[in-house]
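Q: Could you take me through one helix pair in this model up close, and then through the helices and loops elsewhere in the chain? I'd enjoy a connected account rather than a list.

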Amino acid sequence: MKVIDHINQSSGTLISFEILPPLKGKGIQSLYNHLDPLMEFKPSFINVTYHRSEHVFKKKSDGTFEKVVVRKRPGTESICASIMNKYNVDTVPHLICGGFGINETEDALINLNYLGIDNVLVLRGDAAKNESGFEPEPGGHQYAIDLLKQVRNLNAGIYLEEDLKNTSQTKFCIGVAGYPEKHFEAPNMESDLKYLKAKVDAGADYIVTQMFFDNAKYFAFVNACREIGITVPIIPGLKPVYTRKQLTVLPKTFHIDLPTSLSDEMARCKTDLDVEKVGTEWMLQQSKELKKAGVPVLHYYTLGRPHIVANVVKELV
Ligand code: FAD
């Protein structure tokens, strides 16, 4: 079932989770162990992130370095199918522009369609680790909106081979990313919102936000979106904090702020376990306020800490 149908058919706030594929070498059971404690909360859908290949330098026995391509977390599409099969829950594979030519994208979408997956979250992806800025594959997509248009074409039965006749149409529900604190490359919020609106006008069914720790920023973002005519549901993304290191890693990696009261509390913590307690309480208060405000879905980035998310969601239902 499509994410947008889940939202439209619900009278209250839904729950969804986001997970990473296991590291290469770990079996699918590690992922089930992660999800098992969360399934009692009956998520409406589960997102699975996509991780592109990276170039790394491996030291050889003669002391020189060899450049090799590694993909640490493969399997997004098949993991989605496995989760649907095991738990009978809808899944949302993330699909990115980076590393994909348009033919590979089409093949990936055809595979997802064959697997019975009705949803995709379309993203640009970040620059590869060896690049200073995002570079598309030759002939690949530059922006998420270009990828979105390819999905929309397939939904209309338009394939890359124009002479295909009587084609089957896919029926993907399309989600896109939004940034309450602005995407880090956008020169200003107005510009970022303009391109977000373009994604919605091009056919995005809903928006999922980057994580944020200050609900006021989410509410201001939703207001700004509504003011420029974005009417689709805007799903807040929430992530727990659980280590002192995150005080600096989260702003650096995700270009978001931690509110002073949260960062002060984290800085006062003696151990990571103390930070986890602070982070759990913070996420619970965020969730309660967002739920009270009637958000369509609470989307939790579980990222290796399902018990924290479970402890929060338990208090909400
Ligand atoms: P876009 O919408 O293409 O925007 C990128 C930048 O370009 C923005 O600054 C925008 O303002 C600007 N822009 C957009 N269109 C135009 C245009 N036509 N002309 C000029 N400028 C334009 N990354 C992964 O690799 N895998 C994942 O699974 C993944 N999941 C994510 C899930 C969520 C909910 C979020 C919020 C992010 C996720 N990301 C993931 C990260 C994402 O790929 C990066 O944030 C990326 O840098 C931007 O992706 P986007 O889809 O927002 O890009």
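A: Happily! Please keep in mind that this is a predicted model. Let's begin with helix α7 (residues 215-227) and helix α10 (residues 272-292), whose axes come within 10 Å and cross at roughly 30 degrees. Angles under 35 degrees count as roughly parallel, and α7 and α10 are therefore roughly parallel to each other. The crossing in which α7 passes α10 is right-handed. On the α7 side the contact is made by N215, Y218 and F219, and on the α10 side by Q286, E289 and L290. Sorted by character, the residues of this contact are three nonpolar, two polar and one charged.

From here α6 is a natural next stop, as α7 is among the elements that the buried residues of α6 pack against. Helix α6 covers residues 189-201. Its 13 residues should span 18 Å at 1.5 Å a residue, and this agrees with the 18 Å between its end C-alpha atoms. The buried residues are S191, D192, L193, L196, K199 and V200, so the buried set includes D192 and K199, which count as charged. Besides α7, the packing partners of these buried residues are α5, β7 and β8 (206-211).

Helix α4 (residues 102-114) makes a good companion to α6. It too has 13 residues, and it reaches 18 Å from its first C-alpha to its last, close to the 18 Å expected at 1.5 Å a residue. Buried along α4 are T105, E106, A108, L109, I110 and L112. They pack against two helices, α3 (76-87) and α5 (144-155), and two strands, β5 (90-96) and β6 (119-123). Just after α4 comes G116, with a positive phi of about 85 degrees.

Now for the loops. Between β6 and α5 sits G125. With a relative accessible area of 19%, G125 is buried, the cut-off being under 20%. In sequence G125 and C97 are 28 residues apart, yet their C-alpha atoms are 6.2 Å apart in space. Leaving aside neighbours within four places in sequence, G125 is in contact with I96 and F134.

The loop between α5 and β7 (173-178) holds T167, and N166 is found there as well. N166 is not a glycine, but it has a positive phi of about 50 degrees. At 83% relative accessibility N166 counts as exposed, whereas T167, at 28%, counts as partly exposed. T167 is eleven residues from A156 in sequence and 9.0 Å from it in space, C-alpha to C-alpha. Beyond its neighbours within four places in sequence, T167 is in contact with G157 and Y159.

One more loop, between β10 (297-301) and α11 (306-316), contains L303. Like N166, which has a positive phi without being a glycine, L303 takes a positive phi, here of about 30 degrees, although it is not a glycine. L303 has a relative accessible area of 22% and is partly exposed.

Terms used: Residues numbered from 1 in each chain as written. Predicted model: local features only at pLDDT ≥ 70, side-chain atom pairs only at ≥ 80, totals over all residues. Heavy atoms only, no water. Helix = DSSP H or I, 4+ residues; strand = E, 2+ residues; numbered from the N terminus. Expected span 1.5 Å × (residues − 1). Buried < 20%, exposed > 50% of the residue type's maximum accessible area, 1.4 Å probe, protein only. Contact = heavy atoms within 4.5 Å. Axes fitted to C-alpha atoms, helices over the stretch in contact; angles between N-to-C directions. Parallel < 35°, antiparallel > 145°, perpendicular 65-115°, else oblique. Left-handed = near helix turned anticlockwise from the far one by under 90°.
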